[in-house]
Every structure is written in structure tokens, then in C-alpha cells.
Amino acid sequence: MRKAFREVSSEDQPLEAFFLAIESFTVNYPNDQAVIGFQATAELMEVESIVNPLTKFEGFIQWRDVLEQSIKNHPQDHDLRFFRLTVQLHVPRMLGYRGSILDDKKSVTNALASGGWENDPE
């Protein structure tokens, strides 16, 4: 899933590739908070392409809340904190979803310093 996120984030890869990667994990780990957080992140990325402002806002709220609940259930997961940080840095300020930026930056920095992604250095 990390690889699919990197590809969709840094290249012109279609978002569907990210969803396919997530789908393969949701079948085997339907209640895993990291998988749920990955899915929420993909859905939030997809919401960005919605044209209707009301539908876009409703989708944002729905999936933001899913991501927040995943982090609440698994606050030390550095992937989830990284995802929330990237979402907060990319959504418009008027949505008011910026309250955890400093905390998430600290969490990600600490994870990097302590080898949190040693098994996936990319």
C-alpha cells in the first residue's frame, strides 16, 4: 500500500492503482486501522476530483472522520500520522483541517529518527 501511495502521489499514476492495492488488504484485514486509514486517504484524494462543491464537502467530512477515527484507535501509527499530515497540508485552509499539523510533523520526524520506516526506506 505504501508503494501504491508513493506512486499515486509522485507520478501520474491513476488513483485506481491505490484503490486496488488497498482492496487486496481490506479483504484479509478488514478491521486493521492502518488499512482503514489508507482507504480513507485514497478516498480523500478522490474527493478532490469531485466537481459538485456540496458532494465534495460531504465526502471530505466523511473520509476525514474515518481517518481521524483510525488515528484515535491507533495513535502511534506513523503511516496514519503521515497521511493526515499530507491531507492537512493540501486541503484549503477554509476547511479548518489543520489542527494536527505540528503534532503530526513531530510524529513523522520522530518515526524517521527512530527507524520507523526501516523496512521500507523509500
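Here are a few short exercises on this predicted model, each with a worked solution.

**Exercise 1. Find which helix has the lowest mean pLDDT and which has the highest.**

Start with the whole protein: pLDDT averages 88, and 97% of the residues score at least 70. Now go element by element. Helix α1, residues 2-10, sits at the bottom with a mean of 76. Helix α4, residues 53-73, comes out on top at 95.

**Exercise 2. Work out what lines the largest pocket.**

First, get its volume, which is about 510 Å³. Next, look at the lining: 19 residues take part, and the closest to the pocket centre are Leu44, Glu48, Val87, His90 and Val91. Then ask which elements supply two or more lining residues: that's α1, α3 (33-47), α4 and α5 (78-90). Last, sort the lining by class, and you get 13 nonpolar, 4 polar and 2 charged residues.

**Exercise 3. Do the same job for the second largest pocket.**

This pocket holds about 230 Å³ of space. Its lining has 12 residues, with Arg6, Asp79, Phe82, Trp117 and Glu122 closest to the centre. Two or more lining residues come from each of α1, α5 and α6 (101-113). Sorted by class, the lining splits into 7 nonpolar and 5 charged residues, with no polar ones.

**Exercise 4. Decide how α2 and α3 run relative to each other: parallel or antiparallel?**

What do you need to describe a packed pair? The angle between the two helix axes and the distance between those axes. For helix α2 (residues 15-28) and α3, the axes come within 10 Å and cross at roughly 160°. An angle over 145 degrees counts as roughly antiparallel, so α2 and α3 are roughly antiparallel to each other. To finish, add the handedness: α2 passes α3 in a left-handed crossing.

Terms used
Residues numbered from 1 in each chain as written. Predicted model: local features only at pLDDT ≥ 70, side-chain atom pairs only at ≥ 80, totals over all residues. Heavy atoms only, no water. pLDDT = per-residue confidence, 0-100. Helix = DSSP H or I, 4+ residues; strand = E, 2+ residues; numbered from the N terminus. 1 Å grid on protein atoms, 1.4 Å probe; cavity = no way out; pocket = protein on both sides within 12 Å on 5 of 7 lines; lining within 4 Å. Points joined across faces, edges and corners; volume = space filled by probe spheres on them. Nonpolar A, V, L, I, M, F, W, Y, C, P; charged D, E, K, R; others polar. Axes fitted to C-alpha atoms, helices over the stretch in contact; angles between N-to-C directions. Parallel < 35°, antiparallel > 145°, perpendicular 65-115°, else oblique. Left-handed = near helix turned anticlockwise from the far one by under 90°.
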